[in-house]
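Me: Please take me through this structure, and explain each technical word when it comes up. I would like to know how each label is earned.

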Amino acid sequence: MISYTDKVIIITGGGSGLGYSAALSIAQLGGKLVLVDMNKKSLEESKKQILEVAPEAEIVLVEANVTSEEDVKNYVQLTMDTFGRIDGFFNNAGIEGKQNLTEEYGSDEFEKVVSVNLNGVFYGMKYVLKVMKQQGHGSIVNTASVGGIRGVGNQSGYAASKHGVVGLTRNSGIEYGQFGVSINAIAPGAIMTPMVEGSLKQMAGDDWESAGKEFVSVNPMKRFGKPEEVGNLVAFLLSDAAKFINATVIPIDGGQSYKY
Ligand code: NAD
C-alpha cells in the first residue's frame with residue numbers, strides 16, 4: 001500500500017537516531033532522500049549504511065545548522081534544484097539540553113534548546129510549505145516528544161520547545177489542509193538513540209544502563225522504543241496512505257503518556 005517511488009523526502013537530523021531510521025525505512029520503500037544534519041561525518045555514515053540495504057537509493061547530503069534560517073533556505077533550494085519537488089519533510093533535528101530545575105536552568109541553555117528544537121522546526125516549515133502549497137500536495141511530520149504533551153521535569157527548554165512544536169503543528173495543519181498538505185507531529189517516549197543514552201548518562205553517569213532499566217520499568221511495555229519503530233511510523237505518516245491525517249500529535253511511547 002505504501003510506495004515512495006519518485007517521491008522526494010527531506011529529513012533533518014538524518015545523521016543519527018530517529019532521522020536515520022526514518023531515512024532507512026523510506027529508502028527501502030523507494031524514496032529519494034535529502035539528509036540534513038550539522039554533523040557531516042554522521043551524515044556520510046548514514047548514507048553508507050542505507051546504501052548497504054537499499055543500493056539503488058538516491059541520497060543527497062546537506063551539512064546545515066537548522067538554527068540558521070539561511071541554512072534552512074539553502075537545503076530547501078538545493079532539494080528543488082536537484083529533484084524539483086518535495087513530497088515529504090521529516091522536520092526532526094533536535095537536542096535535549098542540560099537537565100536542571102527551572103531556577104537553575106541556564107538562560108543560554110534555554111535559548112540554545114529553543115533555537116534548535118523550535119526555531120529550526122519553524123524555519124523548516126516556513127520554506128518547505130511555500131513549495132508544498134505551490135505543488136498542491138505534501139506531508140510534514142514534526143518531531144515533538146512526550147515532553148511536548150506532558151510535564152517531564154528538569155527540562156524547561158526541552159518542554160517549552162516541544163510544546164511549541166505541537167502548537168506550530170496544529171496551527172499550520174489547520175492553515176494548509178486546504179492546499180492538500182498534511183502536517184502532523186509525533187511524540188516519542190524514550191527511544192534508545194544516542195540522545196537518550198546521553199540523557200541517561202546525565203542522570204546516572206557510569207550507571208546509566210541500570211538507570212535505563214529502572215526508567216522503562218514503569219512503561220506499560222517495559223522497554224525502550226526502537227528507532228526503527230519510529231522510522232516506520234514516519235514512513236507511514238509521510239506516505240499517501242496517511243493523507244487524511246492532519247494537525248494531530250501521535251504518541252509513540254508504549255502507552256506511557258496515558259499512565260501519568
Ligand atoms: P540523536 O542525537 O540521535 O539525533 C539528532 C540528530 O540531529 C543528530 O545527528 C544531530 O547532529 C542533529 N542535530 C542536532 N542539532 C542540529 C542542528 N542545530 N542542525 C542540524 N542538525 C542538528 O537524537 P534522536 O533521539 O534521534 O532525536 C531526534 C529527535 O527526536 C529530536 O528532535 C528529539 O528531541 C526527538 N525525540 C527523541 C526521543 C528519544 O527518545 N530518542 C524522544 C522524544 C523526542
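Reply: Let's begin with the word "near": a residue is near a molecule or strand if its C-beta atom, placed from the backbone, lies within 6 Å of it. What you see is a predicted model, where local features need pLDDT of at least 70, side-chain atom pairs count only at pLDDT 80 or more, and totals for chains, interfaces and linings use all residues. Residues are numbered from 1 along each chain as its sequence is written.

Me: Which residues come nearest to the ligand?

Reply: There are 28 residues around the ligand, and Gly-13, Gly-17, Gly-94, Thr-193 and Met-195 come nearest. The elements giving two or more residues to this shell are α1, α4 and α6 (194-204); such helices (H or I, at least four residues) and strands (E, at least two) are DSSP runs, numbered from the N terminus.

Me: How do the residues of that shell divide by class?

Reply: Twelve are nonpolar, 15 polar and one charged. Here Ala, Val, Leu, Ile, Met, Phe, Trp, Tyr, Cys and Pro count as nonpolar, Asp, Glu, Lys and Arg as charged, and the others, Gly among them, as polar.

Me: What is the order of the strands in the sheet, and why are β3 and β7 said to stand at the edges?

Reply: The open sheet has seven strands in the order β3-β2-β1-β4-β5-β6-β7, with parallel pairing; two strands pair if DSSP finds at least two bridges between them. β3 (59-63) and β7 (249-252) each have a single partner strand, so one side of each lacks a neighbour in the sheet, and that puts both at the edges. On average, neighbouring strands here are turned by 15° against each other, direction ignored. Helix α1 (residues 17-28) packs on this sheet, touching β1 (8-12), β2 (32-37), β4 (88-91), β5 (138-143) and β6, and its direction makes about 165° with that of β1.

Me: How do you know that β6 and β7 pair?

Reply: Four bridges join β6 (residues 181-188) to β7, and the two run parallel. Set against the minimum of at least two, four bridges are enough to call β6 and β7 a pair. One example is Ala-187, whose bridge partner in β7 is Pro-251. β1 and β2 also pair in the parallel sense, over five bridges, and Ile-9 stands opposite Leu-33 in β2.

Me: What makes β2 count as mostly covered?

Reply: Six of its six residues are buried. A residue is buried if 20 or more other C-beta atoms lie within 10 Å of its own, exposed if 12 or fewer, and partly exposed in between. Both faces of β2 are covered: Lys-32, Val-34 and Val-36 lie on one side, with Leu-33, Leu-35 and Asp-37 on the other.

Me: Why is Lys-133 called partly exposed?

Reply: Lys-133 has 16 C-beta neighbours inside 10 Å, a count between the two limits, so it is partly exposed. Lys-133 sits in helix α4 (residues 107-135). Not counting residues up to four places away in sequence, Lys-133 touches Tyr-176, Phe-179 and Val-181; contact needs C-beta atoms, placed from the backbone, within 7 Å.

Me: Is Asp-6 buried or exposed, and how do you know?

Reply: Asp-6 has 11 C-beta neighbours inside 10 Å; the limit is 12 or fewer, so Asp-6 counts as exposed. Asp-6 is found in the segment before β1 and has a positive phi of about 65° although it is not a glycine. Ala-247, in the loop between α8 and β7, likewise has a positive phi of about 65° without being a glycine. Ala-247 has 17 other C-beta atoms within 10 Å, so it is partly exposed.

Me: Why are α6 and α7 called roughly perpendicular?

Reply: α6 and helix α7 (residues 208-216) pack at about 105°, with their axes 9 Å apart. Angles of 65 to 115 degrees count as roughly perpendicular (under 35 is roughly parallel, over 145 roughly antiparallel, the rest oblique), and α6 and α7 therefore earn that name. By class, their contact has five nonpolar, one polar and two charged residues. Ala-211 lies in α7 and, leaving aside neighbours within four places in sequence, is in contact with Leu-200, Met-203 and Ala-204.

Methods. Two residues are in contact if their C-beta atoms, placed from the backbone, lie within 7 Å. Axes are lines fitted to C-alpha atoms, for helices over the stretch in contact, and angles run from 0 to 180 degrees between N-to-C directions.
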